[in-house]
Amino acid sequence: MYSHDTYGLGHIRRTMALAQNMLDKDHRILILTGSPIVGRFDFPKGIDFVRIPGMIKQSNEIYVPHSIAIDPSQALAIRQNIILATAQTFKPDLFLVDKAPLGLKMEITATLLWLRDHSPKTKVVLGLRDIMDSPESTIQEWQERKVYEVFEQLYSEIWVYGCREIFDAVAEYAIPERIEDKIHFTGYIPRAVPRLRNRPTIRRQMGLVNGEKFVLVTTGGGGDGYKVIDTYLSMLEDSPRLDIKSMIVTGPMLSAELFDQLAARARKLKIRIVKFHRKMERIILAADCVVSMGGYNTMCEIICAARPALIIPRSKPRTEQIMRSRIFAQRGMLEFIPWETVNCAEMRENLLTILENPARYIQCMHDFPMTAFEVINERVCQGKPGNAGAASCGSDPMWMPDYYQDAPAV
């Protein structure tokens with residue numbers, strides 16, 4: 001399993017959820033990841049990881065090393081070689097790529113070509129979240145970077161972690177008919193949330209008494225979550241009589257300076273604030289409302305726990321969060337305020353609306369299609385021959401776009 005992990009926690013959390021589900025007594029799973037916090041997760045026997053040098057996303061096109069002070073091209077070359085050598089040694093039956101068809105700056109291209117040419121029994125699969133970006137920008141990007149040709153040439157299957165009836169990626173992203181047979185909508189990825197009957201016990205362990213309203217504020221990786229937390233704290237500072245217990249999980253990628261600023265304010269309000277929590281599913285289940293951004297994984301966790309939510313989605317650099325929030329809000333599952341316009345008064349109004357009538361949101365979540373594990377396990381167990389669906393493109397791949405010419409060679 002390959003997860004480039006250049007921003008936030010979404011990629012590694014999705015990869016970990018899938019790995020734990022696919023784990024079987026006859027399965028050995030190896031995760032290639034650039035996540036700087038991968039070591040904080042619990043890895044059951046049968047799953048391990050190879051840590052490649054981390055890269056930080058500065059913009060849609062610019063990535064720099066996370067820790068090591070070397071040229072970005074050197075860091076990418078190291079990553080490329082580790083990925084290729086690991087695949088050549090491990091010789092996987094399944095190679096599952098998260099989101100980026102050619103990896104960060106084309107870094108898995110050599111690996112995909114090697115698997116196609118030297119390991120034909122390997123099933124090469126691309127996993128995509130439900131919504132990538134706006135249809136216009138996604139189609140343009142995929143055309144410019146020859147992604148449709150990559151789908152055809154190098155992948156045997158494409159798993160979309162969503163429901164076609166909710167968002168039809170085939171139609172919205174103009175996926176050609178010749179590729180459509182490779183697309184499998186899995187439904188959304190469930191999370192291992194404790195049973196609902198354990199909620200009172202979890203709340204007691206957290207020091208909550210019956211009737212207290214508990215709000216969890218979490219912003220995923222935290223790199224862009226300051227505004228959400230700042231607005232929430234300002235709302236409480238402006239409303240001292242608002243009777244709400246709170247906890248804030250900022251995400252490990254919030255800068256130390258900003259965390260210290262928020263922590264000082266949180267302490268005055270007697271709010272617990274941490275950067276990272278290993279058992280987020282328990283805290284989400286305990287909450288009467290979750291205030292968060294609109295990332296795929298957080299949304300799946302909220303829905304699995306059937307917790308009312310106030311979502312503050314961003315629309316830059318990609319619109320997927322606000323698109324997802326609108327779709328889910330139309331289904332009655334949540335309330336949302338755009339990240340760009342959120343303010344204390346609107347946040348307070350929406351939060352009180354949710355806390356006064358949580359049942360209507362909970363009811364809308366019960367029948368949501370969290371079926372990814374069932375569909376994926378069926379695909380894995382089919383034993384379909386490797387990348388037989390990937391077409392040979394000769395020694396001079398016709399899909400190679402000019403966009404990648406500056407990428408470091410392996």
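**Close-up 1. Lysine 146 in the loop between α4 and α5 of the predicted model.** Lysine 146 is partly exposed in this predicted model, with a relative accessible area of 33%, a value that falls between the limits of 20% for buried and 50% for exposed residues. The residue is part of the loop that runs between α4 (135-144) and α5 (147-154). Although lysine 146 is not a glycine, its phi is positive, at about 55 degrees.

**Close-up 2. Methionine 106 in the loop between β6 and α3.** Methionine 106 is a residue other than glycine whose phi is positive, near 70 degrees, and it lies in the loop between β6 (94-98) and α3. With a relative accessibility of 13%, methionine 106 counts as buried, because the limit for that class is under 20%.

**Close-up 3. Helix α2, its buried residues and the residue that follows it.** Helix α2 (residues 72-90) has 19 residues, which at 1.5 Å a residue should span 27 Å, and the C-alpha atoms at its ends are indeed 27 Å apart, in agreement with that expectation. The buried residues of α2 are Ala75, Leu76, Ala77, Arg79, Gln80, Ile83, Leu84, Thr86 and Ala87. An α-helix has 3.6 residues a turn, so residues three or four places apart point the same way. The partners against which the buried residues of α2 pack are the strands β1 (2-3), β2 (29-33), β3 (47-51), β4 (55-57) and β5 (63-65), together with helix α3 (109-118). Lysine 91 follows α2 and has a positive phi, near 45 degrees.

**Close-up 4. Serine 3 in strand β1 and its contacts.** Serine 3, which has its place in strand β1, is buried, with a relative accessible area of 0%. When its neighbours within four places in sequence are left aside, serine 3 is in contact with His11, Ile12, Thr15, Leu32, Thr33, Gly34 and Asp98.

**Close-up 5. Lysine 25 in the loop between α1 and β2.** Lysine 25 is found in the loop that connects α1 (10-22) with β2, where it is exposed, with a relative accessible area of 75%. Lysine 25 and lysine 45 are separated by 20 residues in sequence, and the distance between their C-alpha atoms is 9.6 Å.

**Close-up 6. The crossing of helices α9 and α14.** Two packed helices are described by the angle between their axes and the distance between the axes. The axes of α9 (residues 226-238) and α14 (residues 344-356) come within 9 Å and cross at roughly 80 degrees, and the two helices are therefore roughly perpendicular to each other. On the side of α9 the contact is made by Val228, Thr231, Tyr232, Ser234, Met235 and Asp238, and on the side of α14 by Cys344, Met347, Arg348 and Leu351. The residues of this contact divide into 6 nonpolar, 2 polar and 2 charged.

**Close-up 7. The cis peptide bond before proline 317.** The peptide bond that leads from lysine 316 to proline 317 is cis, with omega near 0 degrees. Proline 317 is found in the loop between β14 (309-311) and α13 (320-330).

**Close-up 8. Residues 392-410 and the confidence of the prediction.** The protein chain averages a pLDDT of 89, and 91% of its residues score at least 70. Over residues 392-410, by contrast, the pLDDT is below 50, and this stretch has 39 contacts in the model beyond near neighbours in sequence.

Technical notes:
Residues numbered from 1 in each chain as written. Predicted model: local features only at pLDDT ≥ 70, side-chain atom pairs only at ≥ 80, totals over all residues. Heavy atoms only, no water. Axes fitted to C-alpha atoms, helices over the stretch in contact; angles between N-to-C directions. Helix = DSSP H or I, 4+ residues; strand = E, 2+ residues; numbered from the N terminus. Parallel < 35°, antiparallel > 145°, perpendicular 65-115°, else oblique. Contact = heavy atoms within 4.5 Å. Nonpolar A, V, L, I, M, F, W, Y, C, P; charged D, E, K, R; others polar. pLDDT = per-residue confidence, 0-100. Expected span 1.5 Å × (residues − 1). Buried < 20%, exposed > 50% of the residue type's maximum accessible area, 1.4 Å probe, protein only.
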